[in-house]
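Grab a coffee and work through these short exercises with the model open beside you. Try each task before you read its solution.

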Amino acid sequence: SSSASSEITREESFSLWFGGDDGEDHRYVRTDTSGMIYTLYYSSFFSQLFEAKQLQILPQEIIALNMDNVSSVTLSANGKTFKVDITHGADTDVYTDGDGKELDAATLSEFNAVLEALGKMKATSDTSVVEKGEGFSDEEMFRAEFTFISGKHTSGEMKITRYGGNYCRVSFLGRESQLVTLSDVGNLVDLVTACCQ
């Protein structure tokens with residue numbers, strides 16, 4: 001009588017049964033409680049799952065940084081460490097080093113070059129495909145420590161170690177399976193070294 005209403009959300013689950021495809025890469029599907037058959041678009045993703053082509057469906061990016069949510073970054077490579085604190089303002093952000101001194105334009109550019117290289121770096125293989133090879137070592141080649149303003153994690157540590165051959169392994173936020181090329185990591189090390197000079 002008050003005309004008030006409320007919305008109630010409850011969890012539901014159902015099973016989806018997959019059949020063959022219609023010749024145009026659309027899978028036939030139906031739920032476990034219905035005899036009605038549908039075609040599912042974008043089925044190539046599921047085909048890759050069924051064919052166990054996991055490298056095609058795993059994310060290739062190493063990290064997707066939203067710098068608006070980052071309050072500090074500490075970079076370490078080649079025995080050198082460089083820390084940057086970030087204060088976010090309404091109009092501009094202020095970048096300071098570990099001693100509280102604002103970064104000059106050249107150092108800020110070098111710091112941004114490291115972040116850009118990280119953002120562009122892609123996994124080229126996976127530890128489930130490539131076995132540890134000659135040159136494997138737990139010794140780290142690169143480390144990046146992030147402090148986040150909000151979100152599921154308050155901090156995150158990325159560590160890159162030698163996996164052997166032409167590969168290095170990336171460990172970040174519980175994931176340790178991505179492999180990147182040794183040359184990409186070498187470039188990253190050089191960029192961090194430039195920041196520390």
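Rings of Phe, Tyr and Trp (its six-membered ring) pair if their centres lie within 6.5 Å; planes under 30 degrees apart count as stacked, over 60 as edge-to-face and the rest as tilted. Keep in mind that this is a predicted model, where local features need pLDDT of at least 70, side-chain atom pairs count only at pLDDT 80 or more, and totals for chains, interfaces and linings use all residues. Residues are numbered from 1 along each chain as its sequence is written, and side-chain values use heavy atoms, with hydrogens and water left out.

**Exercise 1. Ring pairs**

Task: find how many aromatic pairs there are, and describe the one formed by F136 and Y163.

Solution. Start with the count: the ring rule gives 5 aromatic pairs. Next, take F136 and Y163, whose centres are 6.2 Å apart with 85 degrees between the planes, so by the cut-off of over 60 this pair is edge-to-face. Now place the two rings on the chain, using DSSP runs numbered from the N terminus (helices are H or I, at least four residues; strands are E, at least two). F136 sits in the loop between β7 (125-126) and β8 (140-148), while Y163 belongs to strand β9 (residues 155-164); the pair links distant parts of the chain, 27 residues apart.

For burial, use relative accessible area: buried is under 20%, exposed is over 50%, and partly exposed is in between (1.4 Å probe, protein chains only). Y163 counts as buried because its value is 4%, whereas F136 is partly exposed because its value is 30%. Last step: look for rings that join up, and you'll find F82, Y95 and F111 linked into a cluster by ring pairs.

**Exercise 2. The whole chain**

Task: describe the fold's overall dimensions, burial and charge.

Solution. Begin with the elements: the protein has 4 helices and 11 strands. Then check the radius of gyration, taken over C-alpha atoms, against the globule rule of 2.2 Å times the number of residues to the power 0.38. A compact globule of 197 residues would come out near 16 Å, but this protein has 23 Å. Along the principal axes, the C-alpha trace spans about 70 × 65 × 25 Å.

Move on to burial: 30% of the 197 residues are buried. For charge, count Lys and Arg as positive and Asp and Glu as negative, leaving out His and the chain ends; each charge is placed at NZ of Lys, CZ of Arg, CG of Asp or CD of Glu. That gives 16 positive and 31 negative side chains, with the centres of the two sets 5 Å apart.

**Exercise 3. Neighbours in space**

Task: work out which residues V114 touches beyond four places in sequence.

Solution. Contact means heavy atoms within 4.5 Å. First locate V114, which is in helix α3 (residues 105-120). With a relative accessible area of 0%, V114 is buried. Its contacts beyond four places are L75, L188, L191, V192 and C195. Pick L191 from that list: the C-alpha atoms of V114 and L191 lie 5.8 Å apart, although 77 residues separate them in sequence.

Task: do the same for K83 and T96, then say which of them is buried and which partly exposed.

Solution. K83 is in strand β5 (residues 80-88), and T96 is in strand β6 (residues 93-97). Not counting residues up to four places away, K83 touches S72, V73, T74, T96, D97 and G98. On the same terms, T96 is in contact with K83, V84, D85, K101, E102 and L103. K83 is partly exposed at 37%; T96, at 14%, counts as buried. One more distance: K83 and V73 are 5.8 Å apart, C-alpha to C-alpha, and 10 residues apart in sequence.

**Exercise 4. Positive phi**

Task: where in the chain do N78 and L173 lie, and how accessible are they?

Solution. Take N78 first: its phi is about 55 degrees, positive although it is not a glycine. N78 lies in the loop between β4 (70-77) and β5, and counts as exposed at 56%. L173 also has a positive phi, near 50 degrees, without being glycine. L173 is in the loop between β10 (167-172) and β11 (175-181), and is partly exposed at 41%.
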